[in-house]
Every structure is written in C-alpha cells, then in structure tokens.
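User: I would like to learn how to read helix packing and burial in a model. Can you take me through a case?

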Amino acid sequence: MTQRINVAQQVPQAYHHFLAVEKLLHESELPTTTLGLVKLRASQINGCGYCVDMHSRDLKKAGESDERLWSVAAWREATVYTPAERAALALAEEATRLADGTGVPDAVWEEAAQHYSEKQLGLLIVGLAMINAWNRIGVTARLTPGA
C-alpha cells in the first residue's frame with residue numbers, strides 16, 4: 001500500500017491545530033491509559049492500521065501488558081480492564097459507530113458518568129472526536145503503519 005498524500009505537509013496549519021488539541025488531551029486530568037485504550041479501540045473499528053500500530057506502541061512504551069493490548073478488540077470478554085476503562089471503551093465504540101445505531105445510548109453514557117467527572121467526560125468526547133478524525137486522515141491518505 002502506497003501513501004497517497006502527506007496531509008501534514010499539504011495543510012500544516014490544520015495539522016498544527018490537531019497537535020495542539022492532542023497536547024491539551026495528554027496534559028489533562030483524563031487518565032493517559034484510558035485515552036490510549038479508547039484511541040486504540042476506535043482505530044481498530046475504523047481500520048486505521050497506522051493508528052492501531054502507533055497507539056499500540058505508545059501503550060506498550062507506557063508499560064501496558066501484551067494481554068491488555070491484544071484484548072482491546074474483545075474488551076467485553078477480557079478481565080484485564082477496570083470498570084472505568086470498560087465504560088470508556090463502551091463509550092468509544094458507540095461514539096465511533098454513530099452510523100450503526102441511534103447515537104450513544106443513555107445506559108452507556110450513564111455508566112461512563114459514574115466513573116468520570118464532567119470535565120473528564122468532555123475530554124473523553126474531544127479525544128474520541130480527534131481519534132476518529134485522525135483515523136479518517138490515516139485511512140484516506142493510506143498512512144503506512146510503522147512509518
């Protein structure tokens with residue numbers, strides 16, 4: 001697979017602003033592991049090999065176990081996630097698969113709200129919006145995993 005375009009080179013202003021939002025997210029009170037897990041799960045759903053590779057590597061560097069990385073796609077059956085992480089992963093799936101249903105069900109939102117403050121929920125929504133945007137760039141531009 002050959003990369004089609006380098007969006008960062010062609011539209012550096014947009015890329016700069018995307019990175020500023022990422023910096024805000026990573027410096028926020030949202031747990032870094034949670035942010036990484038939801039980015040990985042959304043990237044799996046969206047089929048963005050570049051982002052799956054990057055977020056898996058980032059989580060591994062941060063000390064995540066192979067078991068937690070390998071089981072993200074089957075997090076419902078896995079026993080290695082906290083209740084808060086499971087709630088965030090459920091929210092990530094619903095927010096990523098908007099076209100498949102009727103939006104984010106109240107039960108999914110209420111479960112997430114039991115584990116995260118309103119500010120953390122806002123940050124989680126922004127993080128999910130960002131990873132879905134990054135995935136669309138990666139898939140459309142055919143970014144090469146591991147590059």
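Analyst: Start with helix length. This is a predicted model. At 1.5 Å a residue, the 14 residues of α6 should span 20 Å, and the end C-alpha atoms of α6 are 20 Å apart, which agrees.

User: Is α6 largely enclosed or not, and why?

Analyst: Count the buried residues, meaning those under 20% relative accessible area. In α6, 10 of the 14 residues are buried, so the helix is largely enclosed by the rest of the structure. Among them are Ala84, Ala88, Leu89 and Ala92, and also Glu85, Glu93 and Thr96.

User: What covers the buried residues of α6?

Analyst: The cover includes α3, α5 (66-70), α7 and α8.

User: How do I describe two packed helices?

Analyst: Two packed helices are described by the angle between their axes and the distance between the axes. Take α6 and α7. They pack at about 145°, with axes 9 Å apart. The crossing is left-handed. On the α6 side, Pro83, Ala84, Ala87, Ala90, Leu91 and Glu94 take part. They meet Val108, Trp109, Glu111, Ala112 and His115 of α7.

User: Which angle do the axes of α2 and α8 make?

Analyst: The axes of α2 (residues 12-26) and α8 cross at roughly 145° and come within 10 Å. This crossing is left-handed. From α2, the contact includes Tyr15, Phe18 and Leu25. From α8, it includes Leu123, Met130 and Trp134.

User: Now the core. Which residues touch the most other members of the largest nonpolar core?

Analyst: In soluble globular proteins, nonpolar side chains tend to be buried together. Here the largest nonpolar core has 32 residues, and Val38, Tyr81, Leu89 and Leu124 touch the most other members. At least two core residues come from each of α3 (32-46), α4 (49-61), α6 (83-96), α7 (106-115) and α8 (118-141). Leaving aside neighbours within four places in sequence, Val38 is in contact with Ala88, Leu89, Ala92, Leu124 and Leu128.

User: Is Ala42 buried or exposed?

Analyst: Ala42 sits in helix α3. Its relative accessibility is 0%, so Ala42 counts as buried. Not counting residues up to four places away in sequence, Ala42 touches Thr96, Ile131, Asn132 and Asn135.

User: Where does UniProt place a domain?

Analyst: An unreviewed UniProt entry places "domain: Carboxymuconolactone decarboxylase-like" at residues 12-94. In the model, that span is 72% helix and 0% strand. Its end C-alpha atoms lie 31 Å apart.

Terms used: Residues are numbered from 1 along each chain as its sequence is written. This is a predicted model: local features need pLDDT of at least 70, side-chain atom pairs count only at pLDDT 80 or more; totals for chains, interfaces and linings use all residues. Side-chain values use heavy atoms; hydrogens and water are left out. A nonpolar core is a set of buried Ala, Val, Leu, Ile, Met, Phe, Trp, Tyr and Cys residues joined through side-chain atoms within 4.5 Å. Buried means under 20% relative accessible area, exposed over 50%, partly exposed in between (1.4 Å probe, protein chains only). Helices (H or I, at least four residues) and strands (E, at least two) are DSSP runs, numbered from the N terminus. Contact means heavy atoms within 4.5 Å. UniProt positions are given in the numbering used here, feature names are shortened, and annotations may be inferred rather than shown by experiment. The expected span of a helix is 1.5 Å times one less than its number of residues. Axes are lines fitted to C-alpha atoms, for helices over the stretch in contact, and angles run from 0 to 180 degrees between N-to-C directions. A crossing is left-handed if the near helix is turned anticlockwise from the far one by less than a right angle, and right-handed if clockwise.
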